[in-house]
Amino acid sequence: KVFQPRGRDPAHGAWPRGPAYHRGMRALLISLVVAALGCGSGGGDGLDATAGDAAGIDAPPGPTAADLFDDTQVRTLELTVAPADWQWLEDNALLEQYVPGDLTWNGVTVARIGLRYKGSVGSLRLCFDAQGNRQCPKLSMKLDFAEYVDGQRFLGLHHLNLHAMMRDASAMKERIVYGLFRAAGVVAPRAAHARLRVNGEDLGLYVLVEAIDGEYIEDHFRAIDGGEGNLYKEVWPEHTTAAPYIAALENNTTAPAVDKMVRFATALRSATPATFRATAAQWMDVPTLVSFLAVDRLVDNWDGFVGWYCASATGGTCGNHNYFWYEETTRDRLWLLPWDVDNTMQVPSPIRTAYGMPDWNASPTDCARRSIFLGYYGRPPACDHLTALMVAALWPDYQARTAELLAGPAAPGVLEAQLD
């Protein structure tokens, strides 16, 4: 079965095209559970993360996205790429630019998709030395099914990520962590393992991770508001002007309206520990927020919202990353979504052990920036107003929710059952 391209086949964009695993995991999980029991965690019912879990409305008859993300099996994906294009991609991996190819899985082929390497600083540039020589045997990849064929989808998906798991000897972190978020009632990507073959060559084991994009929010928030609201990537509600939110928009960019995020940030700026719960309840589902915090801290996601990075020791701004916000269309409601969870389940924590960064719930003696890695500086998490408010106002809820998770989906026996 071959997907027939729909719509026009646009010319390529502005950039110039190219030519043509589980040992040690059980001990790690037990260590994390013991650590979490020492610090505790908040919650309630929250959003039903299964709403819209079926494949997107664009999926044709046959296999579905649910089949693709079935985590009871390891599937094989086949990419066919013109040899010259594949060589160009290999030679120019750091450019993160697409070349065309075809994808085949389970008897279905989708033609003329875009494929590129991905990862920016964290998982891509660290795979190359100072001279540009590649050090990693495999690289993470992103597929865009509409890069060359306008409106084309694969199983209702617009994008698909294939993560190389180069810093995950267990090859299980993303599957377990995203699974914990979903089990806790937080909308989070589906993930499953796959082998990848390119032009017949087996490149090894990857983890398929559902992309957070327009199709994703339509699928997962359709029952809430239709899934047509704004999707923001990596912008924290600390700005009271529109520009940062417009820059962070992943959709609805033609006539951007970001007033809700501005009002959200303005409300948070004036909130205190005594008023924060009421303020948060006006804008967020507090039990789901607490569940997000409980899972995020249980797996010690040091490179998520608690990781504040600065380009210099003094001047300029600092920012956190690896999350999205979904903004509902029909009411003032925002949902915090996890993303990029490969820097988790590390004992001891590299950011606290190696660089002396205070934990997220520790009141820092000062907010001076600490030299960390790759020439960056770090700022203590609780120097952020929203983080400090969540600790001060939601700590009992957080501890209670953590205890629930440790007795449920994060119990050692439950987690070990996922390991081969």
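**Questions on a predicted model**

Author: In this predicted model, N322 sits in the loop between β11 (318–319) and β12 (323–327).

Reader: Why is N322 called buried?

Author: The relative accessibility of N322 is 5%. Buried means under 20%, so N322 counts as buried.

Reader: What makes the phi of N322 worth a remark?

Author: Most residues other than glycine have a negative phi. N322 is not a glycine, yet has a positive phi of about 65 degrees. E96, in the loop between α3 (83–91) and β3 (99–105), also is not a glycine and has a positive phi, of about 50 degrees.

Reader: What makes the bond between V347 and P348 cis?

Author: Omega is about 0 degrees for the peptide bond that joins V347 and P348. P348 lies in the loop between β13 and α11.

Reader: How do you know that C310 and C318 form a disulfide?

Author: Their sulfur atoms are 2.0 Å apart. The cut-off is within 2.5 Å, so the pair counts as a disulfide. With 105 degrees about the S-S bond, this link of C310 and C318 is right-handed.

Reader: Why are C310 and C318 each called buried?

Author: C310 has a relative accessible area of 0%, and C318 has a relative accessibility of 12%. Buried means under 20%, so both cysteines count as buried.

Reader: Why is the disulfide of C127 and C136 called left-handed?

Author: The torsion about its S-S bond is about -85 degrees, so the disulfide of C127 and C136 is left-handed. The S to S distance between C127 and C136 is 2.1 Å, and both cysteines are buried.

Reader: What makes C367 partly exposed?

Author: C367 has 42% relative accessibility. Exposed begins over 50% and buried is under 20%, so C367 falls in between and counts as partly exposed. A disulfide joins C367 to C383, S to S 2.0 Å. This pair links distant parts of the chain, 16 residues apart: C367 is in the loop between α11 and β14, and C383 in the loop between β15 (377–379) and α12.

Reader: Why is T365 called exposed?

Author: T365 has 77% relative accessibility. Exposed means over 50%, so T365 counts as exposed. The side chain of T365 makes a polar contact with the side chain of D366, at 3.4 Å.

Reader: Why are the buried residues of helix α9 said to be on the same side?

Author: The buried residues of α9 (residues 276–283) are F276, T279, A280 and W283. They cover an arc of only 95 degrees around the axis, which puts them on the same side of α9. Their cover includes α8 (259–269), α10 (286–298), β13 (334–338) and α12 (385–406).

Conventions:
Residues numbered from 1 in each chain as written. Predicted model: local features only at pLDDT ≥ 70, side-chain atom pairs only at ≥ 80, totals over all residues. Heavy atoms only, no water. Buried < 20%, exposed > 50% of the residue type's maximum accessible area, 1.4 Å probe, protein only. Helix = DSSP H or I, 4+ residues; strand = E, 2+ residues; numbered from the N terminus. Arc of directions from axis to C-beta. Contact = heavy atoms within 4.5 Å. Polar contact = N/O pair within 3.5 Å; in protein donor to acceptor, adjacent residues only side chain to side chain.
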